Amino acid sequence: MVELAEFRCQDCGFRVFNRLYPFCESCKAVLAPGIAMSAAERSAHFAQERIDDERRLREQLRLDRLGRNDPGEGGEFSITCSFDAGDGGS
């Protein structure tokens, strides 16, 4: 089991739940470096989110073009054909 680091405000000890927000949600103090993400870390985080969102959208569009928009199907599909092998069309 992976233990998550617990970050706390250096002024009031309130637990930091969102490291993207640079202020303590309780006392509004500016969080110390290392507790909140730096501006560069936030930029990298949001850039990665945009990349991930674009990748998911491209995959959804690809599945929609194939007529399968349910990713839970496992990516398999079948084609069913039927024909009448009767008397040759008379």
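**Exercise 1. Classify Ser 38 and Tyr 21 by exposure, and place them in the chain.**

Ser 38 counts as partly exposed, at 34% relative accessibility. The classes are buried (under 20% relative accessible area), exposed (over 50%) and partly exposed in between, with a 1.4 Å probe and protein chains only. Tyr 21, with a relative accessible area of 35%, is also partly exposed. Ser 38 belongs to the segment before α1, and Tyr 21 lies in the segment before α1 as well. Along the chain these residues are 17 apart, and their C-alpha atoms are separated by 9.7 Å.

The model is predicted: local features need pLDDT of at least 70, side-chain atom pairs count only at pLDDT 80 or more, and totals for chains, interfaces and linings use all residues. Residues are numbered from 1 along each chain as its sequence is written, and side-chain values use heavy atoms, with hydrogens and water left out.

**Exercise 2. Describe the secondary structure and check the span of α1.**

Step 1. The protein chain has 1 helix and 0 strands. Helices (H or I, at least four residues) and strands (E, at least two) are DSSP runs, numbered from the N terminus.

Step 2. α1 contains 27 residues. The expected span is 1.5 Å times one less than the number of residues. For α1 this gives 39 Å, and the distance from its first C-alpha to its last is 39 Å.

Step 3. Consider the backbone on either side. Lys 28, in the segment before α1 (39–65), has a phi near 70°, a positive value in a residue other than glycine. Just after α1, Gly 67 takes a positive phi of about 80°.

**Exercise 3. Identify the residues of the largest nonpolar core, and examine Ala 29.**

Step 1. A nonpolar core is a set of buried Ala, Val, Leu, Ile, Met, Phe, Trp, Tyr and Cys residues joined through side-chain atoms within 4.5 Å.

Step 2. The largest one has 7 residues: Cys 9, Val 16, Cys 24, Ala 29, Leu 31, Ile 35 and Ala 36.

Step 3. Neighbours within four places in sequence aside, Ala 29 is in contact (heavy atoms within 4.5 Å) with Cys 9, Asp 11, Pro 22, Phe 23 and Cys 24.

Step 4. In the protein chain as a whole, buried residues make up 12% of the 90 residues.

**Exercise 4. State how much of the accessible surface belongs to carbon and sulfur atoms.**

The accessible surface of the protein chain is about 7,600 Å², and 54% of this surface belongs to carbon and sulfur atoms. Such areas come from the Shrake-Rupley method with a 1.4 Å probe.
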